[in-house]
Amino acid sequence: MNRRAHTTPTIIANWKMYLRTEGVVTRISALRKFLSTVERKAHIILCPSFPALAEAHRTIGKSLIRLGAQDLFWDDAGPYTGEVSALQLRDCGVHDVIIGHSERRQLLGETDTMVAKKVICATAHGLSPILCVGETAEQRRLGKHNQVVADQLITALRGLPPPGKGKFITVAYEPIWAIGTGKPADPVIAMHMLDHIFQVLLEVYDHPVVERQMRILYGGSTDRHNVTEYVGPGLFSGALVGGASLEVPGFVAMIKNVIQQYHR
Ligand code: PGA
């Protein structure tokens, strides 16, 4: 296989429903301080809950840190109680959006078809999608993991034109059995899935697009100690980080460890 490593890694904090606005602002202020010297060496995307987005945007200010959301709805306006549109996210300064996280698929019944509509809508409005895919422990036990992930990818991306110039589509492989457990996937298993995802993406897009404009990240119990087993030249292009992104010193150490991998 021929997979060219991206030279700038992507580290995404998924703050889930853990933080209120004050907690978001405090963390962003601290991250700005600690990351000011390295922020050109990594794409850092922070994804707080919807109510904190506008304040998060103000706090990010002129820093290169990017603001992401954790979900969106697929229509621009209408009778959709509780939902949030791409336009509303853009108003809050959002650039990136997590779509199809397994917690939404499992707890809220989000299907591959819904995920596909969200990916198309996000892209149409200039938001960069972070598409989450991954199998359950049971699906892996039954040997269905490759098929499950292929189905998730193909359903979500089939109707989506290749990203425009300078734009990216991010895919995060997050084995459900590794999320929030403190037990990440064995790096060898994760690398097999990385190769598989790359091959599946080639069924949808041309090789140069997959190589240059798609980033494949790993997520699931990464931390400062293990992240370099997953992210680096020839490995995944970054990490989607839950628990370990909540404490600033650990998250900063994680980002710096990843950057070192690229500048050895
Ligand atoms: P985790 O979460 O790092 O806490 O396992 C990752 C995620 O859910 O995106």
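Author: A residue counts as near a molecule if one of its heavy atoms lies within 4 Å of it. This is a predicted model, where local features need pLDDT of at least 70, side-chain atom pairs need 80 or more, and totals for chains, interfaces and linings use all residues. Residues are numbered from 1 along each chain as its sequence is written, and side-chain values use heavy atoms, with hydrogens and water left out.

Reader: Which residues surround the ligand?

Author: Asn14, Lys16, His101, Glu174, Ile179, Gly180, Gly220, Ser221, Leu240, Val241, Gly242 and Gly243 do.

Reader: What makes the pair between His101 and the ligand a polar contact?

Author: The cut-off is a pair of N or O atoms within 3.5 Å. A polar side-chain atom of His101 is 2.7 Å from a ligand oxygen, so that pair qualifies. Backbone atoms join in too: Gly242 offers an N or O atom at 2.9 Å from a ligand oxygen, and Gly243 a polar one at 2.8 Å.

Reader: Why does the structure hold 0 disulfides, taking Cys47 as a case?

Author: A disulfide here is a pair of cysteine sulfur atoms within 2.5 Å. The closest cysteine sulfur to that of Cys47 is in Cys132, 9.3 Å away, so it's too far for a bond. Cys92 is in no disulfide either: its nearest cysteine sulfur, that of Cys47, is 13 Å off.

Reader: Why is Cys47 called buried?

Author: Buried means under 20% relative accessible area (over 50% is exposed, in between is partly exposed; 1.4 Å probe, protein chains only). Cys47 has 0%, so buried fits.

Terms used. A polar contact is a pair of N or O atoms within 3.5 Å; within protein, one must be able to donate a hydrogen and the other to accept it, and residues adjacent in sequence count only if both atoms are side-chain atoms.
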